[in-house]
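User: Got a minute to go over a model with me? I'd like to talk about pockets and cysteines.
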Amino acid sequence: MGKPTGFMDYKREVSTAAEPKERIKNYKEFRQHLSWEKQRLQGARCMDCGVPFCQYGMDICGMTSGCPLHNLVPEWNDLVYTGNWKQAYNRLKKTNSFPEFTARVCPALCEAACTCGLHGEPVATKENEYAIIEYAYQQGYAAACPPKVRTGKKIAVIGSGPAGLAAADQLNKRGHSVTVYERSDRVGGLLMYGIPNMKLEKNIIERKVRIMEEEGVAFVTGTDVGKDVKAEALLKEYHRVVLACGASNPRDIHVPGRDARGISFAVDYLKAVTRSLLDSHPEDGGLIQAKDKNVVIIGGGDTGNDCVGTVIRQGCRSVTQIEMMPKAPDTRAESNPWPEWPKVCKTDYGQEEAIAVFGRDPRIYESTVKEFIKDKNGSLKGVRIVKLAWEKEEKTGRLSPKEVPGSEKTLPAEIVLIAAGFLGSQKYVTDAFKVELDGRTNVKTRRNSYETSAKDVFVAGDMRRGQSLVVWAIREGREAARAVDESLMGYSNLMIR
């Protein structure tokens, strides 16, 4: 603990964001980070608690408290304060394969569980993590470090999202020969095409992928395993296969008028925007253009917010975000004490931009879609919504939504983006490998196991646990890698936490 009084001596200070009306002029990351010296003082605020909930990473009342990767937060906070950036990087990398990603897109579960935040403001751990990894790249600490010995074992990883990349990175470090198969044209999965450029610029992913290639990981893009390549061929060529294909089935909205032109899944829209930015420019003729259109987004989560920010950058006429759940309180309820995850209302960057541009929060709470309204040509022209009331069921005690009579209203809309989450793995992949599924169509494994019902086939990430956070996907990939390594070598020296 570099400075015992640091949490009293220094106030929390974080990066500043460009003004909403300025940042919507482009698709670039928009935060201005602290200088190395100012960031060092933020490291001094860490209390080095006797029980560091920040790195606990376990469920409390069904919600994760602290970092699922069990990052050594107090250690590298102290190292930031003392200016030992290289050792801070070494400690950070022991548990986190991709701090360059989590420092940008993670919701900072560590900070929500920070003891310093119990009676004040938490330590700026996420920004300390950003400073550590970016300093490491600047100084060359994060350069490629290929394994010195190869085991002769070959492993195929199917899917290049955070779980697949984490598994590949760990297995390659162990000395196994790893090939990652990606059906899209670029590596990264939802990191590349599901998270918009404003949150994670794609050169950050490409920078890390180049290092992994220098370390020996092979990437095969544009190849859809289960269609372009048969599962039997991979199982014959490789000693083990790791499935990390994500929870790729988007949840649909089945109401009258669903066949109207102008309705798309959010992930398809975000993918098209990113691909257009990378391949050509935002005016790509094949892209869904929101310019001068009324847009309705169904879903109040992160993906819905990302769509809000994206359509505003395209110049939409209006944007509305439909959310089934009630608005969360602005401050913690007494029934939601620290160190539980705080169930409070968050106004994210997209909503901030909507408020700045249109003068109102785009979210409509406790509402759902009743009908998509078409014009005579079959194109979308409106969305009929209805208010919901959440009532407790007598038998189960659970809250369920009931439509409020007479509350229907119609919103103008030429574009609807469905951001209602994902439902399990895709059937053609699971059928190809003949793996057993659970009741939610995720790949079934034993408790705390990553081995599937099929011989030599393992699974990790959203495909196993269902839709979740990037930080959970990285943990899953690392733990699956250890399980694969143990099955091949009889033991494993791979650190997972």
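Analyst: What follows covers one pocket and then the cysteines; keep in mind that the model is predicted.

User: What volume does the second largest pocket have?
Analyst: About 540 Å³.

User: How many residues line the second largest pocket, and which lie nearest its centre?
Analyst: The lining has 22 residues, and those nearest the centre are K93, K94, C145, Q170 and K173.

User: Which helices each supply at least two residues of that lining?
Analyst: Those are α5 (85-95), α9 (162-173) and α11 (202-214). The largest share is that of α5, with four residues.

User: How does the lining split by class?
Analyst: Ten of the lining residues are nonpolar, eight are charged and four are polar.

User: Switching to cysteines. How many disulfides does the count come to?
Analyst: Zero, with a disulfide taken as two cysteine sulfur atoms within 2.5 Å.

User: Which cysteine sulfur is nearest to that of C54, and how far away?
Analyst: The sulfur of C46, which is 6.2 Å away, and C54 is in no disulfide.

User: Is C54 buried or exposed?
Analyst: C54 has a relative accessible area of 11%. Buried means under 20%, so C54 counts as buried.

User: And C106, what is its nearest cysteine sulfur?
Analyst: That of C110, 6.4 Å away; C106 is in no disulfide either.

User: Why does C106 count as buried?
Analyst: Because its relative accessible area is 12%, and the cut-off for buried is under 20%.

How values were computed
Residues numbered from 1 in each chain as written. Predicted model: local features only at pLDDT ≥ 70, side-chain atom pairs only at ≥ 80, totals over all residues. Heavy atoms only, no water. 1 Å grid on protein atoms, 1.4 Å probe; cavity = no way out; pocket = protein on both sides within 12 Å on 5 of 7 lines; lining within 4 Å. Points joined across faces, edges and corners; volume = space filled by probe spheres on them. Nonpolar A, V, L, I, M, F, W, Y, C, P; charged D, E, K, R; others polar. Buried < 20%, exposed > 50% of the residue type's maximum accessible area, 1.4 Å probe, protein only.
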